[in-house]
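Work through the exercises below with the sequence and the model at hand. Try each task before you read its solution.

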Amino acid sequence: MTNTLKHSMWLRSFSGVPVAAAIMALAFSEGAQRQEQKSIDAADVAEGMRLFQQKGNCQACHGWAGDGRKTDSQMPDGANLRDTKLNRAGLVLTIKCGRLNSQMPAFDKFAYSDGRCFGKTQADLKSYPTRMPDPPATLQPREIDLIADFLIAKIVGQGPMNHAKCVEFWGSETDACKEFPK
């Protein structure tokens, strides 16, 4: 066999590797998306909503509908979570670690004590012009997961709020839904 023929056969044997790798990557990402979209227990969603509204006081900056229409004019403007591109893991990381150089607080009590968030410590945060505020309360890892599950189930990717979504969000007709035409 000539070297050219051997080289050609060798290339053909590996030519499917990038295709196979791409297919595997696609399959794993689709599997991760399906896992993220799995049905979440209604009680967990309700508990996540309670934590979002009460303990985390997230609606003060992000609005009760997560649309960035904050409920407290004294609070910083929060992101519109209905339009976010973050997946569940990104939401968990952002809730846990906050956003560096922004007003989004870290809800993990130890976020910057040991480098668990972005490899930074409290001393590193002093170099940023915008200081991360203290959260209204710290959250346990399970509570962060519940808020992320609530966001995935009820807010992220749900589009702008309307009357029907408002009623579905709250579970019944409420005063908050009166601002949206039927």
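Angles under 35 degrees count as roughly parallel, over 145 as roughly antiparallel, 65 to 115 as roughly perpendicular, and the rest as oblique. Axes are lines fitted to C-alpha atoms, for helices over the stretch in contact, and angles run from 0 to 180 degrees between N-to-C directions. The model is predicted: local features need pLDDT of at least 70, side-chain atom pairs count only at pLDDT 80 or more, and totals for chains, interfaces and linings use all residues. Residues are numbered from 1 along each chain as its sequence is written, and side-chain values use heavy atoms, with hydrogens and water left out.

**Exercise 1. Survey the chain.**

Task: find how many helices and strands the chain has, and what share of its residues is buried.

Solution. Start with the elements. Helices (H or I, at least four residues) and strands (E, at least two) are DSSP runs, numbered from the N terminus. The chain has seven helices and zero strands. Along the sequence this reads α-α-α-α-α-α-α.

Next, burial. Buried means under 20% relative accessible area, exposed over 50%, and partly exposed in between (1.4 Å probe, protein chains only). Of the 182 residues, 33% count as buried.

Last, contacts, meaning heavy atoms within 4.5 Å. Take those between residues at least 6 apart in sequence: 51% of them join residues at least 24 apart.

**Exercise 2. Classify the crossing of H4 and H6.**

Task: decide how H4 and H6 are oriented to each other, then list what meets.

Solution. Begin with the axes. They come within 9 Å and cross at roughly 135°. The helices are therefore oblique to each other. The crossing is right-handed (the near helix is turned clockwise from the far one by less than a right angle; anticlockwise would be left-handed).

Now the residues. H4 brings Arg88, Leu91, Val92, Ile95 and Lys96, while H6 brings Ile144, Asp145, Ile147, Ala148, Asp149, Leu151 and Ile152. By class, the contact of H4 with H6 has eight nonpolar, no polar and four charged residues. For these classes, Ala, Val, Leu, Ile, Met, Phe, Trp, Tyr, Cys and Pro count as nonpolar, Asp, Glu, Lys and Arg as charged, and the others, Gly among them, as polar.

**Exercise 3. Describe H4 from end to end.**

Task: find which residue caps the N-terminal end of H4, and which residues of H4 are buried.

Solution. Look at the start. Asn87 is the cap: a side-chain oxygen lies 3.2 Å from the backbone nitrogen of Ala89. Move into the helix, residues 88-97. Gly90, Leu91, Val92, Thr94, Ile95 and Cys97 are its buried residues. Their cover includes H6. Then step past the end. Just after H4, Gly98 has a positive phi of about 70°.

**Exercise 4. Classify the crossing of H2 and H6.**

Task: decide how H2 and H6 are oriented to each other.

Solution. Read the geometry. The axes of H2 (residues 42-55) and H6 (residues 141-154) come within 7 Å and cross at roughly 105°. H2 and H6 are therefore roughly perpendicular to each other. The contact of H2 with H6 has nine nonpolar, one polar and six charged residues.

Now follow two residues of H6. Glu143 lies in this helix and counts as buried at 16% relative accessibility. Its side chain reaches the backbone nitrogen of Gln140 at 2.8 Å. Beyond its neighbours within four places in sequence, Glu143 is in contact with Leu51, Lys55 and Thr138.

Lys154 also lies in H6. Lys154 is buried, at a relative accessible area of 17%. A polar contact (a pair of N or O atoms within 3.5 Å; within protein, one must be able to donate a hydrogen and the other to accept it, and residues adjacent in sequence count only if both atoms are side-chain atoms) joins the side chains of Lys154 and Glu168 at 3.0 Å.

**Exercise 5. Place Phe180.**

Task: is Phe180 buried or exposed?

Solution. Locate Phe180 in the segment after helix H7 (163-170). Check its area: at 11% relative accessible area, Phe180 is buried. Then list its partners. Leaving aside neighbours within four places in sequence, Phe180 is in contact with Trp64, Arg69, Met161, Asn162, His163 and Cys166.
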